[in-house]
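Good morning, colleagues. Please bring up the sequence and the structure on your screens, and I shall take you through the model element by element.

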Amino acid sequence: MARSLELYEKKILKDQEFPMQLMVNKCQSKGKYFGVHWHEQIELHYVVRGETVIRLEQEEMVAKEGDLVVANSNVLHEGHCRGGEMETLVAIFEMGDFSRELADKNIIFRPLIAGDAKIGSLMLHIYEEYRRKEIGYQLVCKGELLKLVTYLARNDALEMLSEEDGLRRRKKLERLNTVYQYIEKHYTEVISNRQLAELVHLSEGRFCHVFKESAGVGPLQYINEIRLNKAMNLLKKENFTATEAAEAVGFSDYNNFGRMFRRYFGCTPLEARKNSMAAQKTSHEGMDRNF
C-alpha cells in the first residue's frame, strides 16, 4: 500500500451507503510497508495471518494472527513487516458516519486487542465478504462494522477526549506536517535538528522531544530510515549498485550506510540487490514458459 510521506493523509469517504474504506495488505519482505501518516478517521488493522508491527506515535504494537490494532483519529501510525508472509485487513471510517452518539463522546480505543474471538469473527466475516464482493457485500460489511464499533465502545474504550484535547492533538500534528514535507523534499541533503526546529518555531530541544513523542524515533533516525527505504527501492527497482544507491539518497560514508542498512533490513545492500535480481529472473523465466 504505497503512501506519500507527507504526514497528513486526507480521506474523503463520500459514499453514504458505504462510508468506509476497506483494503488488504500483503507483505513478505522485511521493512516498512506503509509510511507514517495521520487523519481524522479511525483505522483498524486486523491480522489475518502472520505478524505485523504497527507504530502508533511512540509505541510499537506487535500484532499476531487474530489481533486487532486500532489507530485512533489524529494519531500518527505506520506499518512494518518483520519478514515472512503477512496479511492484514484494513478498515478506515469516520465514527460520525456510524454513530453520532459515539462520535460526540470522542472515544479513544485500546490500541492493541489480542485474540478476541468476537472481534475475530466480525473482522473475518468482513474480510470474506470484501474478498468475494458478491451482491450486497457492502451492506454486510457496513452492518458487521457497526457491530464491531458497538462492541469496542462497550469493551475496549480507554478514555473520552474533551473537544479541547482533540483540538490540541490535531494542532500538534499539523505543525509537524511541515517538517515531514521538508524531509521528503530534502532527504538527500544534510539536515540538522536545528533546521527542522526553526521550521516550526521551536527550540531544538523542545522540537526533538515533540518529534520523538509523535514519530517514535528522533528526527535524524527518521531521516536515515527514509534514506534506507529509498535506497532499497533503488536497489530493487532501478538496479542501482550499492554505492550508487547510497550516494543517491544522501549517504556520504558507504561503510556507515552498509552497517545501517544491514541493521534495518537484516541483509546487506549487495544481498538485497542479488535477491531482487534473482526474483526478477525467476519471474521472467516463468513468463517465457507461459509463452
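Helix H3, residues 137-155, lies across strands S1, S3, S6, S8 and S10, and runs at about 85° to S1. I should say at once that this is a predicted model.

The strands beneath that remark deserve a closer description. Five strands form an open sheet in the order S1-S8-S3-S6-S10, with antiparallel pairing. At the edges stand S1, residues 20-27, and S10, residues 112-113; each has a single partner strand, so one side of each is left without a neighbour in the sheet. Within the sheet, S3, residues 42-49, and S6, residues 68-71, are paired in the antiparallel sense through four bridges. One register point to note is Leu 44, whose bridge partner in S6 is Val 70.

I turn next to strand S4, which covers residues 51-56. Is this strand largely enclosed or not, and why? Five of its six residues are buried, so S4 is largely enclosed by the rest of the structure. Its pairing with S5, residues 59-64, is antiparallel and extends over six bridges. In that pairing, Leu 56 is placed opposite Glu 59 of S5. The two strands make a hairpin with two residues between them, and in the turn Glu 57 has a positive phi of about 55°. S4 is also joined to S7, residues 77-81, by five bridges, and these two strands run antiparallel. Here the residue opposite Ile 54 is Gly 79 in S7. As a general reminder for reading such strands, side chains in a regular strand alternate between the two faces of the sheet.

Let us move to the nonpolar cores. Which residues touch the most other members of the largest core? In this core of 37 residues they are Val 179, Ile 183, Phe 207, Phe 211, Tyr 222, Leu 228 and Phe 261. Helices H4, H5, H6, H7, H8 and H9 each supply at least two of the core's residues. H7 gives the most, with eight residues. To take one member, and setting aside neighbours within four places in sequence, Phe 211 is in contact with Leu 176, Val 179, Tyr 180, Gly 216, Val 217, Gly 218, Pro 219 and Tyr 222. There is also a second, separate core of 31 residues, with Val 48, Phe 93, Met 123 and Val 149 among them.

A word on cysteines. The structure holds zero disulfides. Cys 141 has a relative accessibility of 0% and therefore counts as buried. Cys 267, at 14%, is likewise counted as buried, because the cut-off is under 20%.

Now the chain as a whole. It contains ten helices and eleven strands, and buried residues make up 47% of its 291 residues. Of the contacts with a separation of 6 or more, 73% are between residues 24 or more positions apart.

Finally, I come to confidence. The chain averages a pLDDT of 86, and 88% of the residues score at least 70. Among the elements, helix H2, residues 117-132, has the highest mean pLDDT, at 98, whereas helix H10, residues 269-290, has the lowest, at 68. Over residues 1-5 the pLDDT is below 50, and this stretch has 19 contacts in the model beyond near neighbours in sequence.

Thank you; I welcome discussion.

Methods: Residues are numbered from 1 along each chain as its sequence is written. This is a predicted model: local features need pLDDT of at least 70, side-chain atom pairs count only at pLDDT 80 or more; totals for chains, interfaces and linings use all residues. Side-chain values use heavy atoms; hydrogens and water are left out. pLDDT is the predictor's confidence in each residue, from 0 to 100. Contact means heavy atoms within 4.5 Å. Buried means under 20% relative accessible area, exposed over 50%, partly exposed in between (1.4 Å probe, protein chains only). Two strands pair if DSSP finds at least two bridges between them. A nonpolar core is a set of buried Ala, Val, Leu, Ile, Met, Phe, Trp, Tyr and Cys residues joined through side-chain atoms within 4.5 Å. A disulfide is a pair of cysteine sulfur atoms within 2.5 Å. Axes are lines fitted to C-alpha atoms, for helices over the stretch in contact, and angles run from 0 to 180 degrees between N-to-C directions.
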